[in-house]
Amino acid sequence: MCGHIHPFTTKTKFVILMHPKEFKKVKNNTGFLTHLTLSNSEIFIGVDFSAHKRINDIIATHQSYILYPSSCALNLSHERPVKEDTTKNLAIFIIDSTWACTRKIFTQSTNLSTLRHMSFTTQKTSQYQIKEQPKSNYLSTIESTLVVLEELSKWEIERVEEKNMQNFLNPFFEMIAYQQKIIAHSQSQTARFRVKK
């Protein structure tokens, strides 16, 4: 997918927390594609980040949020997340895992409990055709990040070039097309299947 990734810089720092189970399938992971596209992003693999020095440094030096659709979350579609008089840049933490594993990261990483939750409202549905989402309005990590960028641009917190917005999901779509090709040619040597006995 590397040829379809075109990195660009954002004022906002994006911090991707990847569960080890997601790391094992990193070649087709949308969190990893998101990290490669956003120059001002960092990615960490683990479950308990409570004593993680770098993550705690980011929390201390940034106005930090975690993308999580709780009832008390700041809705980015309706509310500006950064006060104009603040000197701290925005940091958004994104957990890249299944919902079950997300809960484990939340439970074990006590430092994340100090972060305010962030959400958004969108009519978009996931284009992840080879993976079924728990609900129709759930988006993959890279799709969610694009919505966040669009909302931050609306609030004039970000000024991302339109071409970068338009091309943001290209590696995601190419990944899906590649996997669909493998599925369609299941007898090829690029895919292995367990024979039923």
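Biologist: Leu17 stands opposite Phe44 in strand E2. What makes E1 and E2 (residues 41–45) a pair?

Modeller: This is a predicted model, in which local features need pLDDT of at least 70 and side-chain atom pairs count only at pLDDT 80 or more, whereas totals for chains, interfaces and linings use all residues. Residues are numbered from 1 along each chain as its sequence is written, and side-chain values use heavy atoms, with hydrogens and water left out. Strands (E, at least two residues) and helices (H or I, at least four) are DSSP runs numbered from the N terminus. Two strands pair if DSSP finds at least two bridges between them; E1 and E2 have 5, in the parallel sense, and therefore qualify.

Biologist: How do you know that E1 also pairs with E5?

Modeller: These two strands run parallel and are joined by 6 bridges, so the criterion is satisfied. Within E5, Lys13 has Ala91 as its bridge partner, and Phe14 has Ile92. Ser64 likewise stands opposite Ala91, and strand E3 (residues 63–67) is joined to E5 by 4 parallel bridges.

Biologist: Why is E5 called largely enclosed?

Modeller: Buried means under 20% relative accessible area, exposed over 50%, and partly exposed in between, with a 1.4 Å probe and protein chains only. In E5, 7 of the 7 residues are buried, so the rest of the structure largely encloses this strand. Leu90, Ile92, Ile94 and Asp96 cover one side, and Ala91, Phe93 and Ile95 the other.

Biologist: What makes E1 (residues 13–18) mostly covered?

Modeller: In E1, 6 of its 6 residues are buried. Lys13, Val15 and Leu17 point one way, Phe14, Ile16 and Met18 the other, and all are buried.

Biologist: Why is Thr86, in the loop between strand E4 (74–75) and E5 (90–96), not called buried or exposed?

Modeller: The relative accessibility of Thr86 is 28%, so this residue counts as partly exposed. Its C-alpha atom is separated by 8.5 Å from that of Gln63, 23 residues apart along the chain.

Biologist: How do you know that helix H2 (residues 30–37) is mostly covered?

Modeller: In H2, 6 of its 8 residues are buried: Thr30, Gly31, Leu33, Thr34, His35 and Thr37. They pack against E1, E2, E5, helix H5 (141–154) and helix H7 (170–184), where contact means heavy atoms within 4.5 Å. At the start of H2, the backbone nitrogen of Gly31 has a side-chain oxygen of Asn29 within 2.8 Å.

Key. Polar contact = N/O pair within 3.5 Å; in protein donor to acceptor, adjacent residues only side chain to side chain.
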